[in-house]
Every structure is written in structure tokens, then in C-alpha cells.
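Hi everyone, thanks for coming along. Let me put the sequence and the model up on the screen, and then I'll walk you through them.

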Amino acid sequence: MKFIVSSSSLYKELQILSGVINSTNTIPILDNFLFEIDNNKLTISSSDLESSMTSEIDIESTSNDKIAISAKLLTDILKTFSEQPLTFIKTDNNTIEISASNGKYSLAYLEGGEFPKQVEILDAHETVLNSAYLGNAINSTIFASGTDDLRPVMSGVFFQFNSDSLKFVATDAHKLVKFETSEYTANNVSEFIMPKKPLQILKGILQADDSNLTIQHNDSNAKFTFGKSSITCRLIDGKFPNYEAVIPKDNPNVLTIDRQLFLNSVRRVSIFSNKTTNQIRLKIAGSLLNISAEDFDFSNKADENLECQYSGDDMQIGFNSKFLIEMLNNLDSETITLSMSHPNRAGIIRPVDDKKGSKESITMLVMPVMLNE
């Protein structure tokens, strides 16, 4: 086996593929990349058994073979090279020899047949949408997903597809985000829960990609195909909570404010909040918003006043500042609304979209905290 490949092209792909590999694996073969050579095409795969990713690169070769090469050793050596052609040759003593412009390097390999095969998606539903659009949907929701192992259905993002819209929802029971678009639709009504790890990988790749992507899924697995790459993963088993039931429908008290101004103020004031509760208080009267926090244990206190637009009854409500900051950080609208009904009911944050006829909407729900009187 022999092939020649661009060092930078190979390193770029391996950096992405390495995101699938766990730092500790019970099966040694999973510490490796699988290289499958088919004449001038090289297919590289990585896997952690739950998720797997493949990518294709053009090479110069007349070989047909497959081997597994140490992921860490290969990425460590490749990142030190400037752009140049590298020649890989399989030797008789179970090593791969890499020839560069100024040296030769040998590393052991394993037989490719030991590497786990990628799952085939049988009886799949298929949906096509823009890659950057999906990247934006993932980025807008994934931060709200939970980390509780006892509630695995909340540890991923819920995909809900039908002929009218595509919805993406994440929640950890304290906050919830729903991203909905009618620009793309599905032929079949379907829903599934995607785990966080493959979504993190997709998020990093897709937001800069303007091509189309294909999603195929059945009851147990999903596959995302984009360009010359694909990610296949096992879905989270279980029923996602009825999220529509927890979003309050009647919220007559509506605060409209500059997002960045509000975010900066919450950040400053939260420095003085109790480090266990991160509680801040919003007091709204007329066109004045007062944001305050107090840590009684250390006698720390802060409050700020901001001009705002407000319609509704004067009210005070408490929130966990970490959740507010996360949500405001993940919106790019200049202006947002915070809609409320009562101090013990969830607040609803939405961007004020200046684009007329927009086919997407984002709804963010944040649960209040009990105020210390």
C-alpha cells in the first residue's frame, strides 16, 4: 500500500474527525483512525461506538487497502508540518512509513478489519436543508440542554419535523429554547433526540458551510451527510417532555430593551450576587428597569437603572443570572423582549426581528427564582 496526500488537507480533516474519539477507550482500536484506500480516494473514519464520522480526501494512489493508525501520533506529527506532499508506505514489519521533505517517520498500525463498521440507516426518513441553517439551529439550542444522567432525554436536542416546519428544542428544566423554521420542511412527520457530542462537532463545521445537508434517521440512528463527510450516531431513547405545555401563553407584561445594554448590566450586577443562587432582581416600573443583586454573606450589593419600553403592571421578578446571560449571549438581535405574567411564572425572551417576513423564530424560556425579601 502506498499513497501521497497533502499534509494540510489531511491534518484539517483529522482535526475534525478527532472530535469523535474519546480520551479514554475500553477498546484499543477506537484510539485510531481507519484509513481506507480505494485508488485515488482515501476515506478516513473515527468512532466511539455511539457516534462515527467519515471523510473523503483525494490522494495519489493505485492501492486498495484499509488500516488503523494511532490518532494521537498522527495528529501530533501532522500539526508540525508546513504544507507539503506526504508519502505513506505500508512496510513488511507492520509499520507505516511517512516520508516528508526532511525526514521519515515510522509508526505501527492495526488491521482495518478490527475497526467497527458504520451503522446503516435502514427504512430512513430523509430531510434536506442548508448546512449553515442547521448549524445556526444547533448553536441556538444546544446550550440549553441538560447534563443530568438521570434524565438522558434532556441531555440532547429534540428534532421535530413535519410538512409545515422544522423545530429544534432543548431544555434542562430551568431553561428552554425552541428554534422553529418554516423555510425548510419534511415530507414525513418525525421526531428524535440527538445526543450532544455529534451536535457539537456539527456545530463547528456547518455554520461556515453554505451547501445543502441530508439528514437520514430511523427509530434508533441518524446520519448527517454534507460534502464528502458524514456523521452517524445512535439516538437518545425516550420521550421528550411536552415542552409546549410549559411555555406560558398569556404574558401581558412585556419589557423591550437593547440586548447588549441589558446583557452588560446583568453581567456587572451578577458579580455581586450570591455565588450559590446567582440571583438577580428585576424591578420594572414605567419606563425604568432596576437590576439589583445582593450577597448577604459578604455584604456585597449592586444595582443599576436602565431606560426601557414596558407595557404592563409594575412588577419584581428574580432570575438566575447565569441563565439570563447564556440566553442573551446566544441571540444576535439588537433588541429583545422579555414577556412575563407573574413573578412565579416563567419569563419568555424573544428577539425583535427587524427582517419582515422572516420564516424563523426563537423562543427562550427561563424559570424565575424566589426572591429574598
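Of the 373 residues in this protein, 50% count as buried, where buried means under 20% relative accessible area, exposed means over 50%, and partly exposed is in between, with a 1.4 Å probe and protein chains only. Please keep in mind that this is a predicted model: local features need pLDDT of at least 70, side-chain atom pairs count only at pLDDT 80 or more, and totals for chains, interfaces and linings use all residues. Residues are numbered from 1 along each chain as its sequence is written, and side-chain values use heavy atoms, with hydrogens and water left out.

The accessible surface comes to about 18300 Å², and carbon and sulfur atoms account for 47% of that; these areas are from the Shrake-Rupley method with a 1.4 Å probe, and for residues only the protein chains shown count as cover. Along the principal axes, the C-alpha atoms fill a box of roughly 80 × 50 × 40 Å.

On to secondary structure. We have six helices and 27 strands, taken as DSSP runs numbered from the N terminus, with helices being H or I of at least four residues and strands E of at least two. If we take contacts between residues at least 6 apart in sequence, 67% of them join residues at least 24 apart; a contact here is heavy atoms within 4.5 Å.

Now, the sheets. One open sheet has five strands in the order 21-20-19-23-27, with antiparallel pairing. Strand 21 (300-307) and strand 27 (368-369) are at its edges with a single partner strand each, so one side of each has no neighbour in the sheet. For two strands to pair, DSSP has to find at least two bridges between them. Within this sheet, strand 19 (residues 279-285) and strand 20 (residues 288-295) run antiparallel and are joined by five bridges, and isoleucine 284 stands opposite leucine 289 in strand 20.

Elsewhere, strand 2 (residues 32-38) pairs with strand 6 (residues 64-70) in the antiparallel sense over seven bridges, with isoleucine 37 partnered by aspartate 65 in strand 6. Strand 6 is also joined to strand 9 (residues 103-111), again antiparallel, by three bridges. There, isoleucine 67 stands opposite glutamate 111 in strand 9.

Let me zoom in on helix 3. Which residues does serine 140 contact, leaving aside its neighbours within four places in sequence? They are Val177, Phe179, Ile362 and Met364. Serine 140 sits in helix 3 (residues 131-141) and has a relative accessible area of 2%, so it is buried. Threonine 141, also in helix 3, is buried at 0%. Beyond four places in sequence, threonine 141 touches Val157, Phe168, Ala170, Val177 and Phe179.

That brings us to valine 157, in strand 11 (residues 156-161), which is buried at a relative accessible area of 1%. Its contacts outside the four-place window include Thr141, Phe168, Phe192 and Leu199. The C-alpha atoms of valine 157 and alanine 137 are 10.0 Å apart, with these positions 20 residues apart along the chain numbering.

Finally, the aromatics. Tyr133, Phe159, Phe161, Phe168, Phe179, Tyr184, Phe192 and Phe224 make up one aromatic cluster. Across the whole structure there are 15 aromatic pairs, where rings of Phe, Tyr and Trp (its six-membered ring) pair if their centres lie within 6.5 Å; planes under 30 degrees apart count as stacked, over 60 as edge-to-face and the rest as tilted.
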